[in-house]
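Biologist: I would like to learn how to read a structure one feature at a time. Could we go through this one together, with the general idea before each case?

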Amino acid sequence: MRVAEKILPNTLAGYPTRQLSALRSADLVLPTGGDIFTSDYSNLRKHLSSIVSLDRKKAALIAHTIGPFTKQDEDYFRQSQENLFLITVRESESFEYLKSLRLDVPLYQTADVAFGLEPAPADTCREILLSRFGVDATQQKLVALSVSEGVIRYSKLERSRYFSELTEFVRRLNTR
């Protein structure tokens, strides 16, 4: 355990400080989140801190959307590359952006890992809808929407406009 970890409180900003030791002793670190490595959310350092704290190249960013960065965040991201052995991104905008940074880490564009998952059987989905949400999916067709507070917050889209668009989308689906 490093000296700083011995004097830190058990939690720091809501995160267990001893997780750094666990991360350093891991054989492989795969940070998740999908689109958290950007300056857009003003918390890049929080998300990169576990990678920067590693002792050797044993982390990979797999199928993320990455960037853009402020100059200060770009410098911090460059520090993290010392502990990264691979970066894959899920769309061309991130790929081109990271290529322009000329990082010293292999970079590839790939599919989002969610698209490679096997869909759950229909019976399982109906059971989950009924047991968790009280929705009987045997009597009707259903469409699930992911309503994102992040879209509203970070796109500066007006909340009422966002919900109006979703409402109109659902209305049109119901007329078919």
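Biologist: Let me begin with the aromatic side chains: which residues do ring pairs link into a cluster?

Modeller: Please keep in mind that this is a predicted model. Ring pairs link Phe69, Phe77 and Tyr97 into a cluster, and a search of the whole structure finds 3 aromatic pairs.

Biologist: Which residues is Phe77 in contact with, leaving aside its neighbours within four places in sequence?

Modeller: With those neighbours left aside, Phe77 is in contact with Leu48, Leu61, Ile66, Phe69, Ile87, Leu98 and Leu103. Phe77 is also among the residues with the most contacts inside the largest nonpolar core, together with Phe37, Leu61, Ile66, Ile87 and Leu98.

Biologist: How many residues does that largest nonpolar core have, and which elements give two or more residues to this core?

Modeller: The largest nonpolar core has 23 residues. The elements that give two or more residues to this core are α3 (44–52), β3, α4, β4 and α5.

Biologist: Then let us turn to the sheet. In what order do the strands lie, and is the pairing parallel or antiparallel?

Modeller: An open sheet is formed by 3 strands in the order β3-β4-β5, and the pairing is parallel. Its edge strands are β3 and β5, each of which pairs on one side only, and from one strand to the next the twist averages 10°.

Biologist: How many bridges hold each pairing, between β3 and β4 and between β4 and β5?

Modeller: Strand β3 (residues 59–64) pairs with strand β4 (residues 84–89) over 4 bridges, whereas 3 bridges join β4 to strand β5 (residues 107–109). You can follow a row across the sheet by taking partners in turn: the bridge partner of His64 in β4 is Val89, and the bridge partner of Val89 in β5 is Gln109. A second row begins with Leu61, which stands opposite Ile87 in β4, and continues with Ile87, which stands opposite Leu107 in β5.

Biologist: What should I expect of the side chains along such a strand?

Modeller: In a regular strand the side chains alternate between the two faces of the sheet. As for how β3 is covered in this model, 5 of its 6 residues are buried.

Biologist: Is Ala60 buried or exposed?

Modeller: Ala60 lies in strand β3, and because its relative accessibility is 1%, where under 20% is the cut-off, Ala60 counts as buried. Leaving aside its neighbours within four places in sequence, Ala60 is in contact with Val29, Leu30, Pro31, Leu84, Phe85 and Leu86. The C-alpha atoms of Ala60 and Thr32 are separated by 10.0 Å, although these residues are 28 apart along the chain.

Biologist: Parallel strands need a connection from one to the next, so to speak; through which helix does the chain cross from β3 to β4?

Modeller: The chain crosses from β3 to β4 through helix α4 (residues 71–80), and this β-α-β crossover is right-handed. A right-handed β-α-β unit is also made by β4, helix α5 (residues 92–101) and β5. Helix α5 packs on the sheet, where it touches β4 and β5, and its direction makes about 160° with that of β5.

Biologist: Finally, what backbone values are the usual ones, against which I should read the loops?

Modeller: Most residues other than glycine have a negative phi, and most peptide bonds are trans. In this model, a cis peptide bond with omega of about -5° joins Gly67 and Pro68, and Pro68 is found in the loop between β3 and α4.

Biologist: Where are Ser42 and Arg102 placed, and what is the phi of Ser42 and of Arg102?

Modeller: Ser42, in the loop between α2 (19–25) and α3, has a positive phi, near 60°, and Ser42 counts as exposed because its relative accessibility is 69%. Arg102, in the loop between α5 and β5, also has a positive phi, near 50°, and Arg102 is exposed because its relative accessible area is 73%.

Technical notes: Residues are numbered from 1 along each chain as its sequence is written. This is a predicted model: local features need pLDDT of at least 70, side-chain atom pairs count only at pLDDT 80 or more; totals for chains, interfaces and linings use all residues. Side-chain values use heavy atoms; hydrogens and water are left out. Two strands pair if DSSP finds at least two bridges between them. A crossover is right-handed if, with the strands pointing away from the viewer, the path from the first strand over the helix to the second runs clockwise. Axes are lines fitted to C-alpha atoms, for helices over the stretch in contact, and angles run from 0 to 180 degrees between N-to-C directions. Contact means heavy atoms within 4.5 Å. A nonpolar core is a set of buried Ala, Val, Leu, Ile, Met, Phe, Trp, Tyr and Cys residues joined through side-chain atoms within 4.5 Å. Buried means under 20% relative accessible area, exposed over 50%, partly exposed in between (1.4 Å probe, protein chains only). Rings of Phe, Tyr and Trp (its six-membered ring) pair if their centres lie within 6.5 Å; planes under 30 degrees apart count as stacked, over 60 as edge-to-face and the rest as tilted.
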